Amino acid sequence: MTEQPWLEAKRWLLVAVLGLEMTMGIVGNCLVLLVKVMCRDQFSCRYWLPFLSLTLSDLGCSLLIISGSLVAILTGGQRSPWCEVVSLLKFAFITSSLGSIAILCVQRLIGMASTGSALFVVMVTACLASWVTGLVFGSVPVVYAWIRYDPAEMLCAVFWENSYSDMLLYILCAFSLCIFLPCVLIFFCSLLLSANSCHSIWNGCDDAVDLSSVSPLLVSFSMLCYTPFFVSELILLGRRDLSPAPDWLRTLSSVMSYLDCGLNPLIYCSHQDFREAGLALLWTNRKPSSEPVLTSITKRVNV
């Protein structure tokens, strides 16, 4: 008798949390895009390419994935074909997000700005590859009909019911290319940047005034938010009976990964020049001018 009120309270708590995360993600990332496009001359951003890719990934996740989970909680599930689309896109957004942060760390390490050069073409290719790789690996469960709605994750997810070998092969390949490789790049680049006190002098730019100075915060919070997702997949990998991770962990993995989309705009705002550019964009045109304006000059003649 007491279980039903608890489930109903949990449901509405999740609705409130997801609603807040969706609002933060959509509003925050839309404002970030506006500031990056309309106020780009008011702050330094040498590595705009991975920032743009990360912002688009966060915005897409907020618009499509978080809203899909919110609707699924309210309606009791997701139906085909939206079920398959959400599962595919979620993995693509996770892969592109981690890939964008890895590219940002690599760019900071080698000191190469997002301008026209041969290395810039390589970075563009890497950004596109992170998106395409996520779409490819996200489409495999859809093609083989491994998708069904998971109430714990609040969206359609991959369920393994027949072959442990298929699950093992897929997770190892997907994690190696989409998760492990970007995380290794992020870790080693961050380690080298932290140890290299002369980095800003060697690349001829003071990174302290560049937007990329927030990258340690981006790395820290991304790793924190995606840790439950990594752990839940590793638990599945270690269970030969194909049973998934506990429900509470799968719910936590979705909530925390969604939280990262709303936190990133707040992290950008920790940069003073970016924050001031955003405030100027929002408020300058709304404030009435309080300074006196010279309209005419009258010459007084003393008689």
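Start by selecting the stretches that UniProt, in an unreviewed entry, marks as "transmembrane region": residues 12-35, 47-73, 85-106, 118-147 and 167-193. The coordinates on which these stretches are displayed belong to a predicted model, and the annotation itself comes from the UniProt record.

Keep residues 85-106 highlighted, and the chain there is 100% helix and 0% strand, with its end C-alpha atoms 31 Å apart. Then move to residues 118-147, where the chain is 87% helix and 3% strand, and where the end C-alpha atoms lie 41 Å apart.

**Helix pairs**

Next, select helix 3 (82-110) and helix 4 (118-143). The axes of helix 3 and helix 4 come within 8 Å and cross at roughly 155 degrees, which makes helix 3 roughly antiparallel to helix 4. If you look along the pair, helix 3 passes helix 4 in a right-handed crossing. Colour the contact of helix 3 with helix 4 by residue class, and its residues divide into 15 nonpolar, eight polar and one charged.

Leave helix 4 on display and add helix 2 (48-75). The axes of helix 2 and helix 4 come within 10 Å and cross at roughly 15 degrees, so helix 2 is roughly parallel to helix 4. The crossing of helix 2 and helix 4 is right-handed.

For another pair, select helix 5 (164-195) and helix 7 (215-237). Helix 5 and helix 7 pack at an angle of about 160 degrees, with their axes 12 Å apart, and they are therefore roughly antiparallel to each other. The crossing of helix 5 and helix 7 is left-handed.

**The largest pocket**

Now turn to the open spaces, beginning with Glu153, Ala157, Val158, Phe229 and Glu233, which are the residues nearest the centre of the largest pocket among the 27 that line it. The elements that give two or more residues to this lining are helix 3, helix 4, strand 2 (155-158), helix 5 and helix 7. About 440 Å³ of space lies in the largest pocket. Colouring its lining by class will show 19 nonpolar, three polar and five charged residues.

**The second largest pocket**

The next selection is the second largest pocket, which holds about 340 Å³ of space. To centre the view, pick Lys10, Arg11, Leu14, Ile73 and Pro151, the closest to the centre of this pocket of the 17 residues that line it. Helix 1 (3-38), helix 2 and helix 8 (247-268) are the elements that give two or more residues to the lining of the second largest pocket, and helix 1 gives the most, with six residues. By class, the lining of the second largest pocket divides into nine nonpolar, four polar and four charged residues.

**The enclosed spaces**

Finish with the cavities, for which the count comes to two of 30 Å³ or more. About 40 Å³ of space lies in the largest cavity. Select Cys61, Lys90, Phe93, Ile94, Tyr226, Ser257 and Tyr258 to display the lining of the largest cavity. Helix 3 and helix 8 are the elements that give two or more residues to the lining of the largest cavity, and helix 3 gives the most, with three residues. The lining of the largest cavity has five nonpolar residues, one polar residue and one charged residue.

For the second largest cavity, in which about 30 Å³ of space lies, change the selection to Ser57, Asp58, Cys61, Phe93, Ile94, Ser97, Tyr226 and Cys261, which line it. The elements that give two or more residues to the lining of the second largest cavity are helix 2 and helix 3. Its residues divide into five nonpolar, two polar and one charged.

With both cavity selections saved, pause on Cys61, Phe93, Ile94 and Tyr226, which are among the residues that line the largest cavity and are also among those that line the second largest cavity.

Notes: Residues numbered from 1 in each chain as written. Predicted model: local features only at pLDDT ≥ 70, side-chain atom pairs only at ≥ 80, totals over all residues. Heavy atoms only, no water. 1 Å grid on protein atoms, 1.4 Å probe; cavity = no way out; pocket = protein on both sides within 12 Å on 5 of 7 lines; lining within 4 Å. Points joined across faces, edges and corners; volume = space filled by probe spheres on them. Helix = DSSP H or I, 4+ residues; strand = E, 2+ residues; numbered from the N terminus. Nonpolar A, V, L, I, M, F, W, Y, C, P; charged D, E, K, R; others polar. UniProt positions renumbered as here; feature names shortened; annotations may be inferred. Axes fitted to C-alpha atoms, helices over the stretch in contact; angles between N-to-C directions. Parallel < 35°, antiparallel > 145°, perpendicular 65-115°, else oblique. Left-handed = near helix turned anticlockwise from the far one by under 90°.
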